[in-house]
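Work through the exercises below with the sequence and the coordinates open. Each task is followed by a solution in steps.

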Amino acid sequence: MMGPSHALSGAAVWLAGSWALDKFAGYEQSPLAIAVGTAVCAGGALFPDLDLSGKVTRNKGGATVARTFGVASLFVAEVIEKLSLGVYHATRLSNDPDRENGHRTLTHTLPFAALVGWGTTTLCTAFGKWAVIGILFLMIGLAVRGLFDEWAKRAGWVLVTAVSAGAAYYTYLELPGDRGYPMLGLAVGVGCVVHILGDLITSAGVPLLWPIPTGKRMWRMIGLPDALAVKVGGAVEVYVLRGAFTIISLLCAAGMLAPSVLRRFNIEV
């Protein structure tokens with residue numbers, strides 16, 4: 001799937017989950033908490049594609065998300081891609097094909113999603129709001145690049161970086177001072193899992209079972225058959241899936257925010 005679709009799917013899943021918790025478990029969140037969780041999950045749903053690097057010095061190529069912060073994020077993508085390729089070669093079995101890049105390997109596995117979620121929570125617990133502002137800056141930047149792809153291309157990475165920094169700092173100021181923020185780690189981890197599921201419905205697939213070996217292969221790509229698979233950038237992805245994600249997001253957001261808005265204006269339904 002393409003960047004905007006991944007970001008929208010992350011936002012839709014987080015909003016749907018938040019709505020379900022509010023509706024059936026009485027877990028109510030402030031509008032700021034809902035917005036932060038949605039942005040972080042949308043960013044997390046793009047994070048695995050930081051394993052697709054491009055031409056660092058020219059600020060070209062790579063995944064959409066790799067160009068979020070210009071050459072800085074492209075360099076990070078280059079490092080992650082090489083690390084992923086190294087893990088692939090270190091763990092491949094006899095029937096795994098040789099590879100020249102690490103895209104859709106390590107960062108597209110469930111253990112990686114769990115590790116990133118746990119790592120985010122650990123950082124926030126250890127360093128409090130100092131870690132929070134860094135994580136928010138990164139994830140909001142990825143979310144902006146994915147959700148507003150055409151605008152981000154025109155605006156350029158400098159403006160995207162400035163918007164991300166401003167949003168992260170504002171959120172940092174408004175967040176309560178207690179340490180922890182486990183929901184941030186959950187949002188990042190869920191976003192990564194949503195990304196994996198999104199790539200799972202394409203023909204290229206993902207190494208869903210890693211590190212479980214099957215048939216002398218450690219990195220078996222699992223995806224849908226060509227006849228059923230979603231074509232990357234095709235009509236089903238661009239119009240059907242993105243449309244569905246947008247509708248789900250809007251309905252769930254309205255369902256959670258409408259009661260507080262009505263209460264503010266003393267309107268009873």
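The exercises concern a predicted model, and they cover cores, cysteines, salt bridges, backbone geometry and the surface.

**Exercise 1. The nonpolar cores**

Determine which elements give two or more residues to the largest nonpolar core, and which residues have the most contacts inside it.

Solution.
1. The largest nonpolar core has 39 residues. Those with the most contacts inside it are Val40, Phe47, Leu50, Val132, Leu136, Met139 and Leu184.
2. Two or more residues of this core come from each of α1 (3-25), α2 (31-44), α3 (71-91), α4 (110-127), α5 (129-147), α7 and α8 (182-200).
3. Helix α5 gives the largest share, 7 residues.
4. Take methionine 139 as a case. Setting aside residues up to four places away in sequence, methionine 139 touches Ala39, Val40, Gly43, Gly44, Phe47 and Val188.
5. Another core, of 6 residues, lies apart from the largest one; Ala12, Val230, Leu241 and Phe245 are among them.
6. As background, nonpolar side chains in soluble globular proteins tend to be buried together.

**Exercise 2. The cysteines**

Explain why cysteine 192 is not bonded to cysteine 41.

Solution.
1. A search of the whole structure gives 0 disulfides.
2. For cysteine 41, the nearest cysteine sulfur is that of cysteine 192, 8.9 Å away.
3. A disulfide requires the two sulfur atoms to be within 2.5 Å. The sulfur of cysteine 192 is 8.9 Å from the closest cysteine sulfur, in cysteine 41, and is therefore too far for a bond.
4. Burial is a separate matter: cysteine 41 is buried, at 0% relative accessible area, and cysteine 192 also counts as buried, at 0% relative accessibility.

**Exercise 3. Salt bridges between distant parts of the chain**

Which parts of the chain does the salt bridge of aspartate 96 and arginine 217 link? Do the same for the pair of aspartate 199 and arginine 104.

Solution.
1. The count of salt bridges is 8.
2. The side chains of aspartate 96 and arginine 217 form one of them, at 3.4 Å from N to O. Aspartate 96 is in the loop between α3 and α4, arginine 217 is in the loop between α8 and α9, and 121 residues separate them.
3. Aspartate 96 counts as buried because its relative accessibility is 2%, and the cut-off for buried is under 20%.
4. Aspartate 199 and arginine 104 form a salt bridge at 3.3 Å, N to O. This pair joins helix α8, which holds aspartate 199, to the loop between α3 and α4, which holds arginine 104, 95 residues apart.
5. Both aspartate 199 and arginine 104 are buried; for arginine 104 the relative accessible area is 12%.

**Exercise 4. A local pair and its network**

Where do glutamate 150 and lysine 153 lie, and which residues are linked with them in a network of salt bridges?

Solution.
1. The side chains of glutamate 150 and lysine 153 meet in a salt bridge of 3.8 Å, N to O.
2. Both residues lie in helix α6 (residues 149-155), 3 residues apart, which is about one turn of the helix.
3. Glutamate 150 is partly exposed at 48%, and lysine 153 is partly exposed at 46%.
4. The network of salt bridges links Arg145, Asp149, Glu150 and Lys153.

**Exercise 5. Backbone geometry**

Is the peptide bond from tryptophan 210 to proline 211 cis or trans? Then locate arginine 104 and lysine 216, each with a positive phi.

Solution.
1. The bond from tryptophan 210 to proline 211 is cis, with omega near 10°. Proline 211 is in the loop between α8 and α9.
2. Arginine 104 has phi near 60°, a positive value in a residue other than glycine, and is in the loop between α3 and α4.
3. Lysine 216 is not a glycine either, and its phi is about 60°. Lysine 216 is in the loop between α8 and α9 and counts as exposed at 57% relative accessibility.

**Exercise 6. The nonpolar surface patch**

Which residues make the nonpolar surface patch of about 410 Å²?

Solution.
1. The patch is made by Leu147, Phe148, Trp151, Leu159 and Val163.
2. Leucine 159 is in helix α7 (residues 157-174).
3. The relative accessible area of leucine 159 is 39%, so leucine 159 is partly exposed.

Technical notes. Residues numbered from 1 in each chain as written. Predicted model: local features only at pLDDT ≥ 70, side-chain atom pairs only at ≥ 80, totals over all residues. Heavy atoms only, no water. Patch = residues over 30% accessible without salt bridge, like charges linked within 9 Å, V, L, I, M, F, W, Y side chains within 5 Å. Areas by Shrake-Rupley, 256 points an atom, 1.4 Å probe, with all protein chains shown as cover. Salt bridge = Lys/Arg side-chain N within 4 Å of Asp/Glu carboxyl O. Helix = DSSP H or I, 4+ residues; strand = E, 2+ residues; numbered from the N terminus. Buried < 20%, exposed > 50% of the residue type's maximum accessible area, 1.4 Å probe, protein only. Core = buried A, V, L, I, M, F, W, Y, C linked by side-chain atoms within 4.5 Å. Contact = heavy atoms within 4.5 Å.
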